Amino acid sequence: MSLKFTVGDLTIHRIIEQETTFLPALELLPGLTPEVLAENRAWMQKAGALDDKDVLMLCFQSYVVKTPHHTILIDSCIGNDKPRPQRPKWNMKTDDTYMRGLAAAGFSVEDIDYVMCTHLHVDHVGWNTRLDNGRWIPTFPKARYVFDKTEFDYWTETHAKTPVPPFGDSVLPVVEAKQAEIVRSDYAIGDHTRILPTPGHTPGHVAFSFGRAKDDAVFSGDLMHSPLQTRYPELSVKFDVDQAQAAKTRRGFLERYCDTNTLCCTAHFPSPSVGKIRRAGSGFTCEAI
Ligand SMILES: [Zn+2]
């Protein structure tokens, strides 16, 4: 399995926390019909994206990008010791898979200069913090954590009405530790790292693009969850806050990168998770390289 990619002057590592069954395809994708699922079952199973009970397989991972100047971690996965009673596989986890993956890629927590979150959902912020003597502290002691302002404001407001546990245990402690940078979409790090607003899944969802003056790699976060959505960009997942906007964003993103050399690094597609966007009929594919 490929865990390391080189493109331009970037080195990209995948840090996998889990690769496992998630939800039935027909449940996660409310617009999917049994007929369309049947037409696509064979290639989806071959790609490791669907099991024999029509349950979608997802990867849960971070990426670490090494630019000539910085080491940047994108999305911090699920995390340990966090109460997530609705998801048994994530609830009060104590395994060392993630930290072993980070070490195997050659990084310690001190090496991370930036943590960048595409959005603030539970499986993208988990390792932002770790439990230390009963309190949550930033896992990456030297990192600046980059959160989009629209996204941060949305969750601040939501959390004020009804507490959102991952915001409380994995985002706010970073702000309290003064390691957060709440940024707008014109934010960039040097000439290598940029933000691409991709709203719909959440109001402030962003993708990150990397590469000097051109997009050598793009990290798409949750603007899509399954390769089935590249073939049918109009299929939104039930967790997309604005399903119509998510569909529009998805098609726009796929069109933007279609038939380019940009490496598309998805959050949740099954391994290898990374590929180049190519046209396929009225949709697209993400072709492994
Ligand atoms: Zn996700």
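Which residue in E11 is the bridge partner of alanine 188? In this predicted model, that partner is arginine 194. Here are some notes from a walk through the two sheets, a pair of helices and a few backbone spots to look at.

1. **The sheet that holds this pair.** Alanine 188 and arginine 194 belong to the pairing of E10 with strand E11 (residues 193-197), an antiparallel match joined by two bridges. The sheet is open and mixed, and its seven strands follow the order E10-E11-E12-E13-E14-E15-E16. At its edges stand strand E10 (188-189) and strand E16 (283-287); each has a single partner strand, so one side of each is left without a neighbour in the sheet.

2. **Strand E14 and its two partners.** E14 is a nice strand to trace residue by residue. With strand E13 (residues 217-221), E14 pairs in the parallel sense over four bridges, and valine 218 is found opposite cysteine 264. With E15, the pairing is antiparallel and has two bridges; there cysteine 264 has glycine 275 as its bridge partner. Cysteine 264 thus has a named partner in E13 and another in E15. As for the side chains, Leu263 and Cys265 point one way from E14, while Cys264 and Thr266 point the other way, and all are buried.

3. **A cis proline after E14.** Please look at the peptide bond between serine 271 and proline 272: it is cis, with omega about 10°. Proline 272 sits in the loop that runs between strand E14 (263-266) and strand E15 (274-280). For context, most peptide bonds are trans.

4. **The other sheet.** A further open sheet has seven strands in the order E1-E2-E3-E4-E5-E8-E9, again with mixed pairing. Its edge strands, strand E1 (4-7) and strand E9 (180-183), each pair on one side only. On average, neighbouring strands in this sheet are turned by 25° against each other, ignoring direction. At the E9 end, strand E8 (residues 144-148) runs parallel to E9 and is joined to it by four bridges; one pairing to check is tyrosine 145 with alanine 180 in E9.

5. **Helix H5 on that sheet.** Helix H5 (residues 149-161) packs on the sheet and touches E8 and E9, its direction making about 80° with that of E8. Its length is as it should be: at 1.5 Å a residue, the 13 residues should span 18 Å, and the end C-alpha atoms are 19 Å apart, which agrees. Which residues of H5 are buried? They are Glu151, Tyr154 and Trp155. These cover an arc of only 90° around the axis, which puts them on the same side of H5. An α-helix has 3.6 residues a turn, so residues three or four places apart point the same way. The buried residues of H5 pack against E8 and helix H6 (165-170), whereas the face turned away from the buried side carries exposed Glu157 and Ala160.

6. **Helix H3.** In helix H3 (residues 97-104), the buried residues are Tyr98, Gly101 and Leu102. Viewed down the axis of H3, they fall within an arc of 100°, so they line one face of the helix. Their packing is against strand E2 (10-24). Exposed Arg100 and Ala104 are on the face turned away from the buried side. After H3 comes glycine 106, with a positive phi near 95°.

7. **Positive phi outside glycine.** Most residues other than glycine have a negative phi. Two residues here deserve a look. Aspartate 54 has a positive phi of about 65° and lies in the loop between helix H2 (34-46) and strand E3 (55-66). With 17 C-beta neighbours inside 10 Å, aspartate 54 counts as partly exposed. Lysine 178 has a positive phi near 60° and is placed in the loop between helix H7 (172-176) and E9. Is lysine 178 buried or exposed? Lysine 178 has 8 other C-beta atoms within 10 Å and is therefore exposed.

8. **The annotated domain.** UniProt, in an unreviewed entry, lists residues 62-268 as "domain: Metallo-beta-lactamase". In the model, the end C-alpha atoms of residues 62-268 are 10 Å apart, and the span is 27% helix and 24% strand.

Key: Residues numbered from 1 in each chain as written. Predicted model: local features only at pLDDT ≥ 70, side-chain atom pairs only at ≥ 80, totals over all residues. Pairing = 2+ DSSP bridges. Axes fitted to C-alpha atoms, helices over the stretch in contact; angles between N-to-C directions. Contact = placed C-beta atoms within 7 Å. UniProt positions renumbered as here; feature names shortened; annotations may be inferred. Expected span 1.5 Å × (residues − 1). Buried ≥ 20, exposed ≤ 12 C-beta atoms within 10 Å, placed from the backbone. Arc of directions from axis to C-beta.
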